[in-house]
Amino acid sequence: MRTLLILLSAICMISVSSCATRVVTRPETVTVIKTRPANYKIVKVRGKRYYFWNGNHYRKTRRGYVIVKP
């Protein structure tokens with residue numbers, strides 16, 4: 001009886017504690033630029049299309065252009 005009680009309590013402790021955790025981070029403030037300037041360059045990095053101007057790489061989204069790190 002005692003071994004059964006120890007076995008059941010060990011199973012409960014193992015099933016209750018979990019190593020998996022979920023970490024959700026919020027992105028930093030994102031600046032959306034509505035229109036691109038006239039002096040941009042199209043750059044392809046690993047098959048993806050980026051717009052380069054003002055020393056930054058931008059990606060086109062539905063809302064406009066956002067700064068990315070390619």
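Mentor: Let's start with a term you will need: a residue is buried when its relative accessible area is under 20%, exposed when that area is over 50%, and partly exposed in between. Please also keep in mind that this is a predicted model.

Trainee: Thanks! Does W53 count as buried or exposed?

Mentor: Compare its value with the cut-off. W53 has a relative accessibility of 8%, so this residue counts as buried. You will find W53 in strand 3.

Trainee: Which residues does W53 touch, not counting those up to four places away in sequence?

Mentor: With those neighbours set aside, W53 touches I33, R36, P37, N39, Y40, Y58 and Y65. You can also follow the backbone: I42 lies 11 residues from W53 along the chain, and their C-alpha atoms are separated by 9.1 Å.

Trainee: Let me step back to the whole chain. Which elements does the chain contain, and in what order do they run?

Mentor: There are 1 helix and 5 strands. Starting at the N terminus, the order is α-β-β-β-β-β.

Trainee: And how much of the chain counts as buried?

Mentor: The chain has 70 residues, and 10% of them count as buried. Its accessible surface is about 6,900 Å², with 57% of that belonging to carbon and sulfur atoms. For contacts with a separation of 6 or more, 29% come from residues 24 or more positions apart.

Trainee: Now the sheet. How should I read strand pairing in general?

Mentor: Strands of a sheet pair through backbone hydrogen bonds, and the pairing can be parallel or antiparallel. In this model, the 5 strands make an open sheet in the order 1-5-4-3-2, with antiparallel pairing.

Trainee: Which strands stand at the edges of the sheet?

Mentor: Strand 1 (32–33) and strand 2 (41–45) do; each has a single partner strand, so one side of each has no neighbour in the sheet. For strand 1, the pairing with strand 5 (residues 65–68) is antiparallel and covers 2 bridges. There, V32 is opposite V66 of strand 5.

Trainee: How many bridges join strand 2 to strand 3?

Mentor: The antiparallel pair of strand 2 and strand 3 (residues 48–53) is joined by 5 bridges. Two positions help you find your way: V45 has K48 of strand 3 as its bridge partner, and V43 stands opposite Y50.

Trainee: What joins strand 3 to strand 4?

Mentor: These antiparallel strands are joined by 3 bridges. F52, for instance, has H57 in strand 4 as its bridge partner.

Trainee: I would like to try a residue in strand 3. How accessible is R49?

Mentor: R49 lies in strand 3, and its 42% relative accessibility means that it counts as partly exposed. Beyond its neighbours within four places in sequence, R49 is in contact with I42, V43 and R59. Its C-alpha is 8.6 Å from that of K60, a residue 11 positions away in sequence.

Trainee: Next, backbone angles. What sign of phi should I expect?

Mentor: Most residues other than glycine have a negative phi. That makes positive values a good place to pause when you go through a model.

Trainee: What is the phi of R46, and where is R46 found?

Mentor: R46 has a positive phi, near 55 degrees, without being a glycine. It is found in the loop between strand 2 and strand 3. Those strands form a hairpin that has 2 residues between them. R46 is also exposed, at 81% relative accessible area.

Trainee: And which residue has a positive phi in the turn between strand 3 and strand 4?

Mentor: That is N54, with a phi of about 60 degrees, in a hairpin with 2 residues between the strands. Strand 4 covers residues 56–60. N54 has a relative accessible area of 66%, so N54 is exposed.

Trainee: One last feature, the surface. Which residues form a nonpolar patch?

Mentor: The patch consists of M1, L4, L7, L8 and I11, and together they have about 560 Å² of accessible area. Take L7 as a sample member: this residue sits in helix 1 (residues 2–16) and is partly exposed, with 48% relative accessible area.

Technical notes
Residues are numbered from 1 along each chain as its sequence is written. This is a predicted model: local features need pLDDT of at least 70, side-chain atom pairs count only at pLDDT 80 or more; totals for chains, interfaces and linings use all residues. Side-chain values use heavy atoms; hydrogens and water are left out. Two strands pair if DSSP finds at least two bridges between them. Helices (H or I, at least four residues) and strands (E, at least two) are DSSP runs, numbered from the N terminus. Patches are made of residues with over 30% relative accessible area and no salt bridge: like charges are joined within 9 Å, nonpolar side chains (Val, Leu, Ile, Met, Phe, Trp, Tyr) within 5 Å. Accessible areas come from the Shrake-Rupley method with a 1.4 Å probe; for residues, only the protein chains shown count as cover. A salt bridge is a side-chain nitrogen of Lys or Arg within 4 Å of a carboxyl oxygen of Asp or Glu. Buried means under 20% relative accessible area, exposed over 50%, partly exposed in between (1.4 Å probe, protein chains only). Contact means heavy atoms within 4.5 Å.
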